[in-house]
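Me: I've got this model open and I'd like to know where the labels come from. Can we check each one against its cut-off?

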Amino acid sequence: MRAIFALVDCNNFYASCERVFNPKLEGQPVVVLSNNDGCIIARSNEAKALGVKMGAPFFQVRDFLREHAVHVLSSNYALYGDMSHRVMTILHRLEPDVEVYSIDEAFIRFTQARNQSLVACAHSLRTVVRRETGIPVSIGIGPTKTLAKLANRLAKKDASWDGVLDISSHPDPDSLMASVEVGDVWGIGHKSAERLKASGISTVLALKDVDPSWMRRHFTVTGFRTVMELRGVAMVPMEEQPPDRKSVACSRSFGERVRSLAELNEALSSHVATAAQKLRSQGLVASCLNVFLMTARLAGDNVHFTDNRTVELPEASSHTPTLIHYALGCLKGMFRQGTDYRKIGVVFTGLVREALASRQPTLFDPGRSDRMDSLMKTVDQVNARWGRNTLRFGAMGFGGRWQMKQGRKSASFTTRWDELPLVRAS
DNA sequence: TCTGGGGTCCTAGGACCC
DNA sequence: TCTGGGGTCCTAGGACCC
């Protein structure tokens, strides 16, 4: 049997997560804001129907949202991450070949013969996920990942499919492709869509029928792959064991403008601590560290000035105090008095598996790195049990103007004991 | 006043080498 | 005034994804 791909995609994921713990939001327009309550990053169907645009700056649509009684929430990534994990666990339980593609999407490869149709299998997956998590999903099926993505999009848009569409069993796939804009294909972004349209290619069907070598010439190998995938030739394989990350980063815009080195130090230390924890959770150590700094928009100018410094560490590490030390060194070299800053961040690169990293015992204190390891392990365990930042490093401070604005956040229902939802029987 | 954050891949161009 | 061919490595920037 030829491999068939399915894409399972959670509907309006962030809005759906909020609804699971706040059923009053059911049937209501809901939007979720980016960090710092900056712009809109998720919308319920009702909000989409009102014409609320993805990525719209919140301050521009605030009045409109109020007039239409739209529920506005700050993002709650602890909740979404945990709900995502629950959904993915179910998929892994029910299917052998699963690739978690993003926080709300997974590819499944159907290879074995089944006594049910694939569409029937997909419907039962959908039912189980809904019953056990409360999250609605749509499933698209096709001979390539790109076609599965397309099928998913169609399944979501047209309620008559009841959440599942197998594009290869459709009597007229060309008519489906003709109904979708070229920019809606996986891999064709804003810029490429514009250029394709300028060449008279405006639908998915037209893109499928483009000469692949022309595509290769004008849109590089990625464009070529997309055309082949639309023709049913699989060029993007499953990745069930995701390769190790090549970089790990943490950055945030400030809640308010920041001018003092002391505050920058605190913010940067916090971001380093977050990113270092991410390194440890994946068993990685970094050999290189980059700090970047972004100024506020200059008056009458639309560009942000950014500066960055990179330092190579003498020894690859995931030890928070060590990494904070080097990061603060980079910052000190960049800081300019009298400048309004808006964002700071850290990027770790040159990542290697901790087990493979060569450890040079320090001549005068050979047990030092072992002690650092067990300290970090303890910190991680305490924070996992009692909540983020229960144990923290002095350099991180206790929050100031640099902390982001999140005025409308729901509780961490599933990840903090003190925020568990209460159920009262009467 | 107010527009997120974290990733990956690809290409062009420069430096360098033989 | 002329000025090869081929290779590697690195970086910056662009484009894309969610």
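Me: How far is a phosphate oxygen of DNA strand C from an N or O atom in the side chain of Ser192?

Reply: Bear in mind that this is a predicted model: local features need pLDDT of at least 70 and side-chain atom pairs pLDDT 80 or more, while totals for chains, interfaces and linings use all residues. Residues count from 1 along each chain, chains are lettered from A and ligands numbered from 1 in written order, and side-chain values use heavy atoms, leaving out hydrogens and water. The distance you asked about is 2.4 Å. A polar contact is a pair of N or O atoms within 3.5 Å, so this one qualifies. Glu105 has a side-chain N or O atom 3.1 Å from a sugar or linking oxygen of DNA strand C. Val185 takes part through a polar backbone atom, 3.5 Å from a phosphate oxygen of that strand. As for elements, E5 and H8 are those giving two or more residues to the surface near DNA strand C, and H8 gives the most, with three. Helices (H or I, at least four residues) and strands (E, at least two) are DSSP runs numbered from the N terminus.

Me: How many residues surround DNA strand C, and what share of its atoms within 4 Å of the protein belong to sugar or phosphate?

Reply: There are 13 residues around it, and the closest are Ser102, Asp104, Lys149, Gly187 and Ser192. A residue is near a strand if one of its heavy atoms lies within 4 Å of it. As for the share, sugar or phosphate takes 100% of those atoms.

Me: What about the atoms of DNA strand B within 4 Å of the protein: what percentage belong to sugar or phosphate?

Reply: There it's 70%, with the rest in bases. DNA strand B has 26 residues around it, and Lys246, Ala249, Ser251, Ser253 and Arg257 are the closest.

Me: Which polar atom of Ser251 lies 2.5 Å from a phosphate oxygen of DNA strand B, side-chain or backbone?

Reply: A side-chain atom. With Ala249 a polar backbone atom does the job, 2.6 Å from a phosphate oxygen of DNA strand B. Arg252 puts a side-chain N or O atom 3.1 Å from a sugar or linking oxygen of the strand. Elements giving two or more residues to that surface are helix H3 (58–67), helix H10 (212–230), strand E9 (248–258) and strand E12 (341–353). E9 has the largest share, seven residues.

Me: On to the rings. How many aromatic pairs does a search of the whole structure find?

Reply: It finds 10. Tyr14 and Tyr77 are one of them, 5.7 Å centre to centre with 90 degrees between the planes. Rings of Phe, Tyr and Trp (its six-membered ring) pair if their centres lie within 6.5 Å, and planes under 30 degrees apart are stacked, over 60 edge-to-face and the rest tilted, so this pair is edge-to-face. Tyr14 is in helix H1 (residues 13–21) and Tyr77 in helix H4 (residues 77–94), 63 residues apart.

Me: Why does Tyr14 count as buried or exposed the way it does?

Reply: Its relative accessibility is 14%. Buried means under 20% and exposed over 50%, with partly exposed in between (1.4 Å probe, protein chains only), so Tyr14 is buried. Tyr77, at 38%, is partly exposed. Another edge-to-face pair is Tyr101 with Trp186, at 5.7 Å and 85 degrees. Tyr101 sits in strand E5 (residues 98–102), and Trp186 in the loop between helix H7 (173–178) and helix H8 (190–198), 85 residues apart. Tyr101 is partly exposed at 36%, as is Trp186 at 23%.

Me: How far from the ring centre of Phe107 does Lys145 lie?

Reply: It lies over the face at 4.6 Å. A charge sits over a ring if NZ of Lys or CZ of Arg is within 6 Å of the centre and within 35 degrees of the ring normal. Arg385 also has its charged end over a ring, that of Trp386, 4.5 Å from its centre.

Me: What makes strand E7 mostly covered?

Reply: Six of its six residues (137–142) are buried. Val137, Ile139 and Ile141 cover one side, and Ser138, Gly140 and Gly142 the other.

Me: How many bridges join strand E1 to E7?

Reply: Six, running antiparallel. Two strands pair if DSSP finds at least two bridges between them, so E1 and E7 pair. Three bridges join E7 to strand E8 (residues 164–166), in parallel.

How values were computed: A polar contact is a pair of N or O atoms within 3.5 Å; within protein, one must be able to donate a hydrogen and the other to accept it, and residues adjacent in sequence count only if both atoms are side-chain atoms.
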